[in-house]
Amino acid sequence: MVSAVIGSLERRAVVARLLRDRDGLLVVTGLGSPSYDVHAAGDHDGNFYLWGAMGAAALVGLGLAQAKPDRTVMVVTGDGEQLMGLGGLATIAIAAPVNLVIVVLDNGHDGETGMQRSHTGLGIDLAAIAGAAGFAEAVTVTDRAGLESVARAIRERASGPRLYVVKVKAESPPRSLPPRDGVHLKNRLRTHLGFAVA
Amino acid sequence: MRTIAIDDRAAASEVGPLDWPKELYRVLKQHEVRQMSYVPDAGHSRLIELFLADTDVVSNLLTTEEEGVAIAAGAWLGGQRSVLLMQSSGVGNCINMLSLATIGRFPLLMLVTMRGEWAEFNPWQVPMGLATEPALAAIGVRTLRADTPADLVETVRSAAALAYGADQQVAVIISQRLLGTKQW
């Protein structure tokens, strides 16, 4: 077993940096802390927050990215959520969307359920898995300089899907709760994109 | 009405059996389906081939069926209709993910080929075959069963209207009797 990298970045600051000057970015969040982090950075009609369906975030992002090839879709999720959808990385790799970016806020723990250590906390390297699957870019960042390079990269197109693991502290900032009505969140994003509500 | 019945039989033998995969493809195209996701399946093989040859539809090969439920939700957020093809065993993989479709009232059209119910040779297919429709009902997905090719085409037409028009989560159950017995 390889040793786990311990994160030192603050998750709220990481998300706030990535969403600064977001322009046309569409954002899908994985359940738990990533949804709170994105909400804390400022609610936006271009956000779709998951409150359940663990493992769905990256794949909701894939469907959205395929439907809106002119927009960049950023998925913000946690290590536990992405680990539950591990097969989805293979599905995304072969679908090869150039406008999909997955950001995994990796604290090495399942924070929502009591901070038990997760697979990444025990040494599993999500970026290496995505890289082996064929992502165009799959890197782990551990410091501010790395975060700045991710912030720049998501504003550019790539040759395929990208996954960034950002190592963050195992902490639980005060919850910032987004709306939980799935129909509202769905219709809000669709209206934002100019689609009619049934 | 005996003569009519004879005429029907004669007509059927002239045109051959209904090419239902091609008809389903036609119906789904009429409903402007733009994304299709699938797990390889013998019953759906021809429909999968038709979609894979269609450059106007994005097709996603899945590692497990629940991924398709999430992709369908994302597609709808981005304004596109989708269809998810799977075998009955895959329904069991989807249950928690279907909460996304039901609580968000996302249009969802699943076409499910049945195993474990008609002249099944493999006992391991039987438990999930028994559980397919009750499991879907339990999570809030409507099931519409079709036992003949002609009925299947009309059922998919109706299910597509329910899904995309009325924001419903619908699974069309394609009976194993319709698909024929797998040769071992």
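What percentage of the 184 residues in chain B is buried? Buried residues make up 44% of them. Keep in mind throughout that this is a predicted model.

**Stop 1: chain B overall**

Select chain B and switch to cartoon. Nine helices and six strands should appear. Now consider contacts in chain B with a separation of 6 or more: 77% of them join residues 24 or more positions apart.

**Stop 2: H2 and H8 of chain B**

Select residues 20-30 and 149-166 of chain B, which are helices H2 and H8. Their axes come within 10 Å and cross at roughly 15°. An angle under 35 degrees counts as roughly parallel, so H2(B) is roughly parallel to H8(B). The crossing is right-handed.

Show side chains at the contact. H2(B) brings B:Trp20, B:Glu23, B:Leu24, B:Val27 and B:Leu28. H8(B) answers with B:Pro149, B:Leu152, B:Val153, B:Val156, B:Arg157 and B:Ala160. Colour this set by residue class: nine are nonpolar, two are charged and none is polar.

**Stop 3: where chain B touches chain A**

Show both chains. The contact takes 27 residues from chain B and 27 from chain A. On the chain B side, select strand S2 (58-61), helix H4 (66-77) and helix H6 (98-103); each supplies at least two residues. H4(B) gives the largest share, eight residues. By class, the chain B side divides into 13 nonpolar, eleven polar and three charged residues.

**Stop 4: A:Val60**

Cross to chain A and pick A:Val60, in helix H3. Is this residue buried or exposed? A:Val60 counts as buried because it has 30 C-beta neighbours inside 10 Å. Leave aside residues up to four places away in sequence, and A:Val60 touches A:Val28 and A:Phe48 in chain A, plus B:Ala70, B:Ala73 and B:Gly74 in chain B. Draw a C-alpha to C-alpha distance to A:Thr29: the two are 31 residues apart in sequence and 9.4 Å apart in space.

**Stop 5: H3 and H5 of chain A**

Keep H3 (57-67) of chain A and add H5 (86-95). The two pack at an angle of about 20°, with axes 9 Å apart. That angle makes H3(A) roughly parallel to H5(A). Their crossing is left-handed.

Which residues make the contact? From H3(A), select A:Ala58, A:Leu59 and A:Leu62. From H5(A), select A:Gly88, A:Thr91, A:Ile92 and A:Ala95. Five of the contact residues are nonpolar, two are polar and none is charged.

**Stop 6: the largest nonpolar core**

Select A:Val103, A:Val166 and B:Val69. In the largest nonpolar core, of 107 residues, these three touch the most other members. Centre on A:Val103. Not counting residues up to four places away in sequence, A:Val103 touches A:Leu18, A:Met74, A:Val75, A:Val76, A:Tyr164 and A:Val166. In soluble globular proteins, nonpolar side chains tend to be buried together.

**Stop 7: A:Gly111**

Finish on A:Gly111, in the loop between strands S5 (109-110) and S6 (116-117) of chain A. The residue is buried, since 23 other C-beta atoms lie within 10 Å. Beyond its neighbours within four places in sequence, A:Gly111 is in contact with A:Gly32, A:Ser33, A:Ala170 and A:Ser172. For a last distance, go to A:His184, 73 residues apart from A:Gly111 along the chain. Their C-alpha atoms are separated by 27 Å.

Technical notes
Residues numbered from 1 in each chain as written. Chains lettered and ligands numbered in written order. Predicted model: local features only at pLDDT ≥ 70, side-chain atom pairs only at ≥ 80, totals over all residues. Axes fitted to C-alpha atoms, helices over the stretch in contact; angles between N-to-C directions. Helix = DSSP H or I, 4+ residues; strand = E, 2+ residues; numbered from the N terminus. Parallel < 35°, antiparallel > 145°, perpendicular 65-115°, else oblique. Left-handed = near helix turned anticlockwise from the far one by under 90°. Contact = placed C-beta atoms within 7 Å. Nonpolar A, V, L, I, M, F, W, Y, C, P; charged D, E, K, R; others polar. Core = buried A, V, L, I, M, F, W, Y, C linked by C-beta atoms within 7 Å. Buried ≥ 20, exposed ≤ 12 C-beta atoms within 10 Å, placed from the backbone.
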